[in-house]
Amino acid sequence: MPKKITIEPVTRVEGHGKVTIHLDDNMNVVQSRLHIVEFRGFERFVQGRPYWEAPVLVQRLCGICPVSHHLAAAKAIDMIVGAGAGEGLTPTAEKMRRLMHYGQIFQSHTLHFFHLASPDLLFGIDADPAIRNIIGVAMENRELAVQGVMMRKFGQEVILATAGKKIHGTGAIPGGINKNLSPEERDRFLDGKAFPNIDQMIDWSLDALAFFKDYHKKNKDIIDNFARFPSSHLSLVRKDGALDLYHGVLRAVDAEGKVILHDVDYRDYLDYIAEEVRNWTYMKFPYLKKYGKKNGWYRVGPLARMNTADFIPTPLAQKEFEEFRAYSGGKPSNSSMHMHWARLIEILHAAEMMKELLHDPDLQGDDLVVTGEKQYEGIGLLEAPRGTLFHHYRINEQDQITMANLIVSTTNNNEPMNRAVEEVAKSYLNGQEKITEGMLNAVEVAIRAYDPCLSCATHALGKMPLEVTLVDNKGEMIDRKRTGS
Amino acid sequence: MKTLFYGYGNPGRSDDGLGVRFVEELERYIRAHKIPDISFDSNYQLNIEDADTIREYDLVFFCDASQEDIDGFCITPVKPSDARVEFTMHAVSPAFVLDLCRKIYGRTPDTRLLHLKGYVWDFKEGLSEDAEKNLQAALTAFYEMLPSLAGNKMPEIIKSSACT
């Protein structure tokens with residue numbers, strides 16, 4: 001008799017995660033689904049509000065990555081005030097925004113690696129969940145935990161210095177930025193008196209990469225083959241093909257590396273990307289129109305960015321990028337666990353970018369804002385920590401927002417996360433009738449590789465767990481396990 | 001007694017901003033009255049770097065909105081806890097911050113959690129009427145105990161309080 005397993009909640013995954021696994025008569029996995037309760041209320045909520053409020057309003061959406069939403073909205077509103085699409089700002093404004101963005105990438109990726117991923121690497125995915133966190137890391141390797149804490153702090157301090165406030169930052173405004181970086185603010189990141197400086201951040205980023213690569217050397221099977229599946233990959237890249245997390249053109253490659261979306265202007269995204277609705281979940285499934293719902297889905301995020309970019313424009317990260325690409329024979333990596341590797345390369349790149357920007361005198365400039373002829377539509381994209389983030393607004397004659405469309409990174413990764421869960425379910429659950437802690441952990445590890453922010457994706461409140469349920473072909477539950485139960 | 005008040009929550013979600021608002025109001029009062037040795041911080045949520053933030057203090061108050069069945073506001077002691085990570089992967093609890101501080105720095109401040117009861121969690125700025133009342137009641141209680149804190153004494157209300 002076919003059966004179904006459901007897993008909820010997923011620890012260390014923001015938002016409500018519920019996994020349902022269907023088994024056939026022989027107890028083999030026939031289908032698995034990651035259910036996320038998406039609430040699109042935010043897009044309705046901003047309608048009627050003045051457009052210039054958008055960069056601050058959208059921070060209500062999510063306390064996890066407010067900077068990404070702040071900047072994506074600001075880029076869209078730049079278009080509305082006639083300041084162009086990502087390339088028309090003053091050097092001070094663009095570089096301040098970039099510094100803010102790299103601070104966000106740095107702190108977000110750091111949290112993921114040290115708090116969420118490194119425990120799996122230190123203790124193994126079958127380890128007791130009670131120790132699979134940064135406290136467990138601190139007990140095993142205090143220096144590693146201290147590095148994680150101080151790297152997070154550095155990124156947060158960069159955000160504070162550029163956005164002006166930790167909560168509801170106002171740094172990015174329509175057409176530019178509302179402050180520059182004073183020499184005193186800059187020097188805090190260079191002199192190492194208040195906290196370890198940017199050179200230390202680069203060294204620690206290299207240490208984290210070395211830690212991962214050492215683990216990889218000893219555990220090739222799990223890093224290379226766990227939740228591995230072929231897919232297309234999509235991200236912004238700079239016009240010359242470089243990795244650029246703040247601005248660029250949209251590029252997608254298939255699982256073999258063939259370019260299937262050729263560096264298109266992101267303002268035309270609706271010509272290329274659509275979202276499918278499925279009857280078993282409220283979260284949509286974006287796909288490339290040209291390849292249809294079945295074959296047009298793609299991955300976003302650090303792994304996708306390593307697969308789409310031609311090079312990284314900072315020397316240390318470029319060296320790591322070359323090693324990463326060579327490992328897959330120059331072709332895209334389709335291993336979910338390589339997401340950790342890619343994320344660490346981006347931590348290093350973000351640190352190098354911050355150093356470059358901190359030494360750039362443009363950050364002390366006073367020319368902060370540009371305006372031009374008002375437009376009635378604005379589209380802003382950037383590469384958020386978890387992947388490509390789309391903000392799209394239309395306004396009326398009264399300057400009120402009449403339409404908002406947001407495609408958040410986690411929504412872009414909806415299909416890949418489902419695929420990852422299915423791969424793991426087939427490996428760990430085939431032939432089983434009961435859910436063990438090890439199976440539960442494996443499903444978590446697969447989802448966690450994508451660092452989903454279900455708070456953004458669901459636009460929902462509260463702490464949300466993960467549960468796995470096993471159901472037979474008649475829809476009857478035969479087992480259910482919650483993390484921590 | 002070197003004291004930190006740390007409010008967290010999202011003020012864009014109505015009463016979820018209670019903790020942050022409490023800290024803003026208290027800071028305004030303390031600056032006006034020039035009371036020394038008290039610092040303030042706020043964020044959307046607590047995270048691992050807050051282990052570094054709290055390590056230099058003798059006394060820390062985390063201030064948060066609460067959906068619990070409590071009467072207005074209450075204060076509970078926080079003990080370090082190495083319990084498993086909360087379901088929310090991108091935020092940690094006061095007990096987790098305290099435990100991380102203990103594990104990596106070898107010390108922990110005396111830590112309390114101020115629970116401020118909220119009712120409305122919509123996408124909007126500003127507190128509900130009932131939450132505002134709870135906020136004012138909590139502020140009044142703290143204004144009264146500030147002289148004790150400034151005199152390096154732990155006020156009785158904090159020592160003995162609990163949420164029941």
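# A tour of helix pairs, sheets and domains in chain A

In this predicted model, begin by selecting helices α8 and α14 of chain A: α8(A) passes α14(A) in a left-handed crossing. Helix α8 covers residues 198-218 and helix α14 covers residues 338-358. Their axes lie 9 Å apart and make an angle of about 165°. The two helices are therefore roughly antiparallel to each other, since angles over 145 degrees count as such.

Now show the side chains between them. On the α8(A) side, the contact includes A:Ile198, A:Met201, A:Ile202, A:Leu206, A:Leu209 and A:Phe212. On the α14(A) side, the residues include A:Trp341, A:Leu344, A:Ile347, A:Leu348, A:Ala351 and A:Met354. Counted by class, the contact of α8(A) with α14(A) has 14 nonpolar residues, two polar and two charged. A:Ser205 of α8(A) is also part of this contact, as are A:Glu352 and A:Lys355 of α14(A).

**Second stop: α4 against α14**

Keep α14(A) selected and add helix α4 of chain A, residues 91-123. The angle between α4(A) and α14(A) is about 145°, and their axes are 9 Å apart. Here too the crossing is left-handed, with α4(A) passing α14(A). From α4(A), look for A:Leu99, A:Tyr102, A:Gly103, A:Phe106, A:His109 and A:Phe113, among others. From α14(A), the contact includes A:His340, A:Arg343, A:Glu346, A:Ala350, A:Met353 and A:Leu357. The contact of α4(A) with α14(A) divides into 13 nonpolar, five polar and four charged residues.

A:Leu344 of α14(A) is listed in the contact with α4(A) and also in the contact with α8(A). A:Ile347 is another residue of α14(A) that meets α4(A) and also meets α8(A).

**Third stop: the four-stranded sheet**

Select strands β6, β7, β8 and β11 of chain A. These four form an open sheet in the order β8-β7-β6-β11, with mixed pairing. Which strands stand at the edges? They are β8 (259-264) and β11 (298-299) of chain A, each pairing on one side only. Within the sheet, β6 (residues 232-237) and β7 (residues 249-253) run antiparallel and are joined by five bridges. To find one point along this pair, pick A:Val237, which stands opposite A:Val249 in β7(A).

**Fourth stop: the three-stranded sheet**

Move to strands β12, β13 and β14 of chain A, which form an open sheet in that order with antiparallel pairing. β12 (377-384) and β14 each have a single partner strand, so one side of each is left without a neighbour in the sheet. From one strand to the next, the twist averages 10°. Helix α3 of chain A, residues 66-80, packs on this sheet and touches β12 and β13. The direction of α3 makes about 150° with that of β12(A).

Zoom in on β13 (residues 387-395) and β14 (residues 401-407), which are joined by six bridges. A:Ile395 stands opposite A:Ile401 in β14(A), and A:His391 has A:Leu406 as its bridge partner. The two strands form a hairpin with five residues between them. In the turn, select A:Asp399, which has a positive phi of about 65°.

**Fifth stop: α16 and α17**

Next select helix α16 (residues 414-429) and helix α17 (residues 437-448) of chain A, which pack at about 155° with axes 9 Å apart. That angle makes α16(A) roughly antiparallel to α17(A). In this pair, α16(A) passes α17(A) in a right-handed crossing. A:Met417, A:Ala420, A:Val421, A:Val424, A:Tyr428 and A:Leu429 of α16(A) face A:Met439, A:Ala442, A:Val443, A:Ala446 and A:Ile447 of α17(A) in the contact. What classes of residue make up the contact of α16(A) with α17(A)? There are 11 nonpolar residues, no polar ones and no charged ones.

**Last stop: the domains**

Colour chain A by its domain assignment: domain 1 is 3-37 + 413-482, domain 2 is 89-228 + 335-369 and domain 3 is 229-334. Where domain 1 touches domain 3, 12 residues of domain 1 are in contact with 11 residues of domain 3. On the domain 1 side, β3 (29-35) and α16 of chain A are the elements that give two or more residues. α16(A) gives the most, with five residues. That side of domain 1 has five nonpolar, three polar and four charged residues.

Definitions and conventions:
Residues are numbered from 1 along each chain as its sequence is written. Chains are lettered from A and ligands numbered from 1 in the order in which they are written. This is a predicted model: local features need pLDDT of at least 70, side-chain atom pairs count only at pLDDT 80 or more; totals for chains, interfaces and linings use all residues. Axes are lines fitted to C-alpha atoms, for helices over the stretch in contact, and angles run from 0 to 180 degrees between N-to-C directions. Angles under 35 degrees count as roughly parallel, over 145 as roughly antiparallel, 65 to 115 as roughly perpendicular and the rest as oblique. A crossing is left-handed if the near helix is turned anticlockwise from the far one by less than a right angle, and right-handed if clockwise. Two residues are in contact if their C-beta atoms, placed from the backbone, lie within 7 Å. Ala, Val, Leu, Ile, Met, Phe, Trp, Tyr, Cys and Pro count as nonpolar, Asp, Glu, Lys and Arg as charged, and the others, Gly among them, as polar. Two strands pair if DSSP finds at least two bridges between them. Domain bounds come from an automatic or database domain assignment.
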